[in-house]
Amino acid sequence: MLMNALRETDPEIYDAIIREVNRIEHGVELIPSENFVSRAVMQAMSSVFTNKYSEGYPGKRYYGGQENVDDVELLAINRAKELFGAEHVNVQPYSGSPANHAVYMALLELGDKFMGMDLSCGGHLTHGSPVNFSGLHYKLVPYFVDKETEMLDMDVVRKIAETEKPKMIISSLTAYPRKLPFKEFCDIAKDVDAYSVADISHIAGLIVGGVHESPCEYTDVTTTTTHKSLRGPRGAIIMSKIEDQYHDLYHKDTKKNLAQLIDSAVFPGLQGGPHDHVIAAKAVAFKEAMKPEFKDYSKQIVKNAKVMADELMSLGIKLVTNGTDNHLMLIDLRPSGLGGKGKQLQNALDKAGITVNKNSVPYDDASPFNPSGLRLGTPAVTSRGMKESEMQHIAQSIAVVIKNYKDESKLKEIKAEISELVSAYPIYPGLSVLG
Ligand SMILES: *Cc1c(COP(=O)(O)O)cnc(C)c1O
């Protein structure tokens, strides 16, 4: 990737990019929502499509010169339909949060009641947090994981739905290390005449790889970011059924079907011109995700997570739900006597070249700024080609850091070891020589 023009025009930004390349090449990236996209995806993102204005949808735009943009958007839509088994797809959402915002606008009236997973149990900010539009403009009725098992109890979810009669039920995860029972969520939603929405942002890559089941067959609406396990550019898509078969109570005045409701919520409801360069990159990522190699990749993500989880637990580290079914793990620091020390541990791991994020654990008494958990995941390290033995090594390093988090020389030692370990797995060969 040649960046000569950038080096000349803006050496400060250029240097920051080179430093970032060095940071990711020499460290271990375990934030479960991150990944490393291909050079092809990056090239599409830095293409001339960044210049185009194309408000509207293919064949129905407000500006001229759309023949190439239309081709790109239709390719992205059709590939996403095939990948997820979706009836209708909108590829224009700028990111996961605006995608979810559009869904609320499409399905609810302001102040309407909806159900989502409590943030401390692994829900997302856009699922009703009091500081987010979703909690400010709509009324969240949260469901929680069971205090003992730390897993979802669908009988409890059903009881809450039957009592509260929400208009929408969201199934989703950001820190829940288990499979979600999408079909059961949908059955409950149908029974209480609510819309079923699945937000599969974290696990989209596992779904297209066939490791987890796609919810699109059941749910009314499914949203996903494209930049997490799916390994595409920063952005999101919304998938939906076309017809609304169950909820003629709502929106009967608009005469719009579900697909039209979603499309008009995205544009003109919430967004202006779509980011055509990112839509082009989404199409490229979808094409990559259709290849048999992507199936192997997503299987390996889960295998790697299981091995890392087993190794951590064998070293005496407590994991929420005692394991994982997906790409992520949540360490509960409380049994190690480190409750409320998530931030210190995250910083210590940073010093050791291991990037994770502090996270609340279910029923955490500590503040979200210094919670009792650490969240880790395997999509990014698996993209580098790392396998089971590297996962064991990394887990052992994490255990050493947790036991010695105040010992600066120990952290340095681990950092050197980690740098050595990852040197065999370059992410973007050739990119760092630009410096
Ligand atoms: C990441 C994520 C989002 C938000 O995506 P952004 O692109 O950060 O706005 C929404 N929902 C879930 C479940 C997520 O994991």
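**Reading strand β10 and the ligand shell**

In this predicted model, the bridge partner of T222 in strand β10 is M239.

Q: How do you know that β9 and β10 count as paired strands?
A: Two strands pair if there are at least two bridges between them, and strand β9 (residues 221-225) and β10 are joined over five bridges in the antiparallel sense, so the requirement is met.

Q: What makes β4 a paired strand of β10?
A: The requirement is again at least two bridges, and strand β4 (residues 88-90) pairs with β10 in the antiparallel sense over three bridges, with N90 standing opposite I238 in β10.

Q: Why is strand β10 described as largely enclosed?
A: A residue is called buried when its relative accessible area is under 20%, and five of the five residues of strand β10 (residues 236-240) are buried, so the strand is largely enclosed by the rest of the structure. A236, I238 and S240 point one way from β10, whereas I237 and M239 point the other way, and all of them are buried.

Q: Why is the approach of the S95 side chain to the ligand called a polar contact?
A: A polar contact is a pair of N or O atoms within 3.5 Å, and an N or O atom in the side chain of S95 is 2.4 Å from an oxygen atom of the ligand, so this pair qualifies.

Q: What makes the D199 side chain a polar contact of the ligand?
A: The cut-off is within 3.5 Å, and a polar side-chain atom of D199 lies 2.5 Å from a nitrogen atom of the ligand, so D199 satisfies it.

Terms used:
Residues numbered from 1 in each chain as written. Predicted model: local features only at pLDDT ≥ 70, side-chain atom pairs only at ≥ 80, totals over all residues. Heavy atoms only, no water. Polar contact = N/O pair within 3.5 Å; in protein donor to acceptor, adjacent residues only side chain to side chain. Buried < 20%, exposed > 50% of the residue type's maximum accessible area, 1.4 Å probe, protein only. Helix = DSSP H or I, 4+ residues; strand = E, 2+ residues; numbered from the N terminus.
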